[in-house]
Amino acid sequence: MPPHLTVHLPAFGSLIRQGAKHLLESTVVPLGLFYLLLITVGFNGGVIAALSWSMLALARRIVLRRGIPAVLLLTTLLLVCRTVLGLMTGSVFLYFLQPTLQNFLVAFVLVASLPHRRPLIAKLADDFCAFPAAFSEHPRVVQIFRKLSLFWALVFLTNGVTTLWMLARKTVGDFLMVSTAGTWSIVGIAIVVSLVWFRRSLRGEGIVLRMGPANAAA
């Protein structure tokens, strides 16, 4: 079937930089600040530092009237909940138990969003690459995003079970190192699988994805 829709995406390097920026802002920096303050000041200092970073990043985007990535909003809201729990109990275990259990919550939300026209996975994808409306609303693309939602629900379930097991067996330092490496490995593999699956599924529908500006692709 000849292609009837060609979608031009930003260059691959641009996508990587944009994705890395969102992940650093919403996940890596807060986690690094928490561990740094944990070993130098104490548990409360680490908890407050992580939340302060996320709140400042959110406030900065609001003041500058910039779009708020769904991943930043989601992680900040979840961080508020775990910070309250951590400060009230003073328990490192409970502080990390909550984000571990959040894997199961995200998996549930992904499945629950399936009936919507744009599942949650499609909205999260917009943080890393803004797709044209003609592409996002294509019936086949909507169907693929629903299948990807189920796939990523399984990824989060796997990640939740793994980190829960490590939390019960490792010290805080070992848990942060091992769980972070393990989580990123699982997520990295899942991203590659998703991209390959996505492109192959679209090919059969006559939809072509091209990296870089339209004139360069031509």
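Arg65 is exposed, because its relative accessible area is 79%, and exposed here means over 50%. In this predicted model, Arg65 sits in the loop between H2 and helix H3 (70–89). The backbone of Arg65 is also worth a look: its phi is near 55°, a positive value in a residue other than glycine. Most residues other than glycine have a negative phi.

**The chain as a whole**

Let's step back from that loop. The protein chain has nine helices and two strands. If you walk along the sequence, you meet them in the pattern β-α-α-α-α-α-α-α-α-β-α. Of the 218 residues, 39% count as buried. The chain exposes about 12100 Å², and carbon and sulfur atoms supply 71% of that area. How much of the contact count comes from residues 24 or more positions apart? Among contacts with a separation of 6 or more, such pairs account for 73%.

**A salt bridge between two helices**

The structure holds one salt bridge. Its partners are the side chains of Arg61 and Glu25, at 3.3 Å from N to O. This pair links distant parts of the chain, since Arg61 belongs to helix H2 (residues 43–63) and Glu25 to helix H1 (residues 12–40), 36 residues apart. Are these two charged partners buried or exposed? Arg61 counts as buried because its relative accessibility is 8%, and Glu25 counts as buried because its value is 10%. The cut-off behind both statements is under 20%.

**Two buried serines**

Ser54 lies in helix H2, and Ser194 is found in helix H8 (residues 172–203). The table puts the accessibility of these serines beside that of the residues you have already met.

| Residue | Relative accessible area | Class |
|---|---|---|
| Ser54 | 1% | buried |
| Ser194 | 9% | buried |
| Arg61 | 8% | buried |
| Glu25 | 10% | buried |
| Arg65 | 79% | exposed |

Which residues surround Ser54, leaving aside neighbours within four places in sequence? Ser54 is in contact with Pro30, Thr76 and Leu79. Ser194, not counting residues up to four places away, touches Leu148, Phe151 and Trp152. Take Leu148 as an example of a partner from elsewhere in the sequence: Ser194 and Leu148 are 46 residues apart in sequence, yet 7.0 Å apart in space, C-alpha to C-alpha.

**Helix H4 up close**

Now try a small calculation on helix H4 (residues 92–112). At 1.5 Å a residue, its 21 residues should span 30 Å, and the end C-alpha atoms are 31 Å apart, so the two values agree. H4 also bends by about 25° at Asn103. Asn103 is itself one of the buried residues of H4, which also include Tyr95, Phe96, Pro99, Gln102, Val106 and Leu110. As you look at those positions, keep one rule in mind: an α-helix has 3.6 residues a turn, so residues three or four places apart point the same way.

**What the UniProt record adds**

An unreviewed UniProt entry places the feature "transmembrane region" at residues 33–56, 68–87, 93–114, 150–169 and 175–198. You can compare two of these stretches with the model. Over residues 68–87 the chain is 90% helix and 0% strand, with end C-alpha atoms 27 Å apart. Over residues 150–169 it is 100% helix and 0% strand, and there the end C-alpha atoms are 29 Å apart.

Conventions
Residues numbered from 1 in each chain as written. Predicted model: local features only at pLDDT ≥ 70, side-chain atom pairs only at ≥ 80, totals over all residues. Heavy atoms only, no water. Helix = DSSP H or I, 4+ residues; strand = E, 2+ residues; numbered from the N terminus. Buried < 20%, exposed > 50% of the residue type's maximum accessible area, 1.4 Å probe, protein only. Contact = heavy atoms within 4.5 Å. Areas by Shrake-Rupley, 256 points an atom, 1.4 Å probe, with all protein chains shown as cover. Expected span 1.5 Å × (residues − 1). Bend = angle between axes of the 7 residues up to and from the residue. UniProt positions renumbered as here; feature names shortened; annotations may be inferred. Salt bridge = Lys/Arg side-chain N within 4 Å of Asp/Glu carboxyl O.
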